[in-house]
Amino acid sequence: MSDDTPEPFTEQDYADRMARAAQDAAAAGLAGLLVAPGPDLVWLCGYRPTAITERLTLLVLTPSAEPRLLVPALELPDAQAAPGAGAVRMSDWRDGQDPYAAATGLMLPNGRYGVSDSTWALHLLGLQETLPLTTYRALTTALPMLRGVKDAHEVARLAAAGAAADRTYEEILSVPFTGRRETEVAADLARLLREHGHSQVDFTVVGSGPNGANPHHEAGERVIRPGDMVVLDFGGLKDGYGSDTTRTVHVGEPTEEERRVHGIVRAAQQAAFEAVAPGVPCQEIDRVARKVITDAGYGEYFIHRTGHGIGVTTHEPPYMVEGETQPLVPGMCFSIEPGIYLPGRFGVRIEDIVTCTETGGRRLNDTAHEMAVVE
Ligand code: ZN
Ligand code: ZN
Ligand code: ZN
C-alpha cells in the first residue's frame, strides 16, 4: 500500500478556489455558478456525496455573496464533514419540500448562470421551470480553464499518481501475456494500480494485435498471441488526482515494420514534449506531433487528438487539438499521446502526462519509451 499521504487541502484553499470561480464567472458575464455533485464540486469545496441521487445538492457561487451549499437534510452531516465545509454557508431541504424553490431563492430571477457539466438535466429543468427568465451556459464552455492551471500541491498529487502508474507499468511487464485474454491482463493492471495507492481505476486498455488499432478499445476476450503488439493504456485517481499513461509492448521479437512504426510514434511524442513552453498554443503541441507522423507517411493513421488535460478527472480541458488556441500556462497538466492506428493490423500509442513549467515541459511519467518485449 501507499504511505505517501499528501498534505490535505485546507479550508483556505477551498475558499480561494470558490472566490476565484465567482470572479471568473462575473468576468465572463455570468450572475454566478451552479455546481451539482461531481468533479467541480469536489474541487471547489471538497464535498463528494456518498451517493449521487435525484435529491438536489447545489453549490451556488456569486461574486457578491458568500458561497451557499444547499443539501438534502438527511445528507447535511456528510456535507458538514467535507474539508471545505467551513468556507460555505449551508442550508437544507427536507423530503416533501420543493428543492427548486429553495435553490432559486439563492438566485437572481433573470440571471445567466454557469452550470456544472455533471448537473443532471432533471435539476437544470427544475430550476428553469421555477425561474423561467434564467439562462444557462455549461461551466466547461463558459470557463474552460477554471481548473486548468494547477497549484504546486495539485501538481505534486498528479506526480504521485503518475509515479504509481509508472510502477504499475514496470510490474505488468513481468506478467504472462501469451495465452491470456486481454481482460485478464486488464485485471492485473487494475490490481496493480490499486496496490500502488489508486482509490479509483478509470480505464485499463489492453489492445492486442488488431484491437490496438482502435484507440478506444478497452479489453476484450481476445487471447494474446506471440507476435502481437499490445497497447496498454491505464489510469485512475490517487488521492483525488489522475494518472493516465500508455506504453506499447510486443509479445516476442517485433518485425522491422513494427519497430519502425513504434519509433515514429516515439519521435512524435518526444518532439511534442520538447515543444511545451509557456505561451505555446495547445494546438501547436498537436501540430508538432502530427508533423512527425505525417512526414513519415502515416498521417492518415493518426486519428486521435494529441492530448487532454488531467486533474481531479482523467480527461478535461485543455485539449491538445487543432483549433485550440489557448496558450499553455505554467501549472497546466495534460497528456501527450500520439499514435498510429493501422486498421486490422495493430496500433502504437505512447502517452505521458506532462506539466508546463516556466522553462518548458516536465514529464510526470518516467518509464522507458523503448518498446518492451514481453512473454
Ligand atoms: Zn481518446
Ligand atoms: Zn491514456
Ligand atoms: Zn490520455
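**Figure 1. Salt bridges in the predicted model.** The structure holds 25 salt bridges, and the model in which they are found is a predicted one. Views of individual pairs, a network and the metal sites follow.

**Figure 2. Salt bridge between R20 and D24 in helix α1.** The side chains of R20 and D24 meet with an N to O distance of 3.5 Å. Both residues belong to helix α1 (residues 11-27), and because they are 4 residues apart, about one helical turn separates them. R20 has a relative accessibility of 32% and counts as partly exposed. D24, with a relative accessible area of 26%, is partly exposed.

**Figure 3. Salt bridge between R89 and E66.** The closest N and O atoms of R89 and E66 are 3.0 Å apart. R89 is in strand β4 (residues 89-93), whereas E66 is in the loop between β2 (58-61) and β3 (68-72); the pair links distant parts of the chain, 23 residues apart. R89 counts as partly exposed at 43% relative accessibility. The relative accessible area of E66 is 42%, and this residue is partly exposed.

**Figure 4. Salt bridge between E322 and R287.** In this pair the closest N and O atoms are 2.6 Å apart. E322 lies in the loop between β12 (316-320) and β13 (333-336) and R287 lies in helix α10, so the salt bridge ties together parts that are 35 residues apart in sequence. E322 counts as partly exposed at 46% relative accessibility. R287 is partly exposed, its relative accessible area being 37%.

**Figure 5. Salt-bridge network of D40, R147, K150 and E316.** These four residues are joined into one network by salt bridges that share partners.

**Figure 6. Interface of domain 1 and domain 2.** The chain is divided into domain 1 (11-142) and domain 2 (152-374). Their C-alpha centres lie 35 Å apart. Contacts are made between 4 residues of domain 1 and 5 residues of domain 2. About 400 Å² is buried between the two domains, and 63% of this area is on carbon and sulfur atoms. The interface has 1 salt bridge. A close-up of the salt bridge between R17 and E154 shows closest N and O atoms 3.9 Å apart.

**Figure 7. Site of the zinc ion (ligand 1).** H216 (NE2) and H304 (NE2) coordinate this ion at 2.0 Å. The two histidines link distant parts of the chain, 88 residues apart: H216 is in the loop between β7 (200-208) and β8, and H304 is in the loop between α10 (282-295) and β11 (307-309). H216 is exposed, with a relative accessible area of 59%, whereas H304 counts as buried at 14% relative accessibility.

**Figure 8. Site of the zinc ion (ligand 2).** The protein donors are two OD atoms of D233, an OD atom of D244 and an OE atom of E351, lying 2.0 to 2.5 Å from the ion. The 4 donor atoms subtend angles of 56 to 147°, so the arrangement is irregular. Along the chain the donors follow the spacing D-x10-D-x106-E. D233 lies in strand β8 (residues 229-238) and D244 in the loop between β9 (241-242) and β10 (245-251), so this pair ties together parts that are 11 residues apart in sequence. D233 counts as buried at 8% relative accessibility. D244 counts as buried at 1%.

**Figure 9. Site of the zinc ion (ligand 3) and its bridge to the zinc ion (ligand 2).** Coordination of the zinc ion (ligand 3) is by D244 (OD), H308 (NE2), E337 (OE) and E351 (OE), at 2.0 to 2.2 Å. The angles among the 4 donor atoms run from 82 to 164°, and the site is irregular. The spacing of the donors along the chain is D-x63-H-x28-E-x13-E. D244 coordinates both this ion and the zinc ion (ligand 2), and the two ions are 3.0 Å apart. D244 lies in the loop between β9 and β10 and E351 in the loop between β15 (346-349) and β16 (352-357), so this pair ties together parts that are 107 residues apart in sequence. E351 is buried, with a relative accessible area of 0%.

Notes. Residues numbered from 1 in each chain as written. Chains lettered and ligands numbered in written order. Predicted model: local features only at pLDDT ≥ 70, side-chain atom pairs only at ≥ 80, totals over all residues. Heavy atoms only, no water. Donors = N, O, S within 2.8 Å, 3.2 Å for Na, K, Ca; no water. Tetrahedral: all angles 85-135°; square planar, octahedral: opposite > 155°, others 65-115°. Buried < 20%, exposed > 50% of the residue type's maximum accessible area, 1.4 Å probe, protein only. Domains from an automatic or database assignment. Contact = heavy atoms within 4.5 Å. Buried area = accessible area lost by both parts, 1.4 Å probe.
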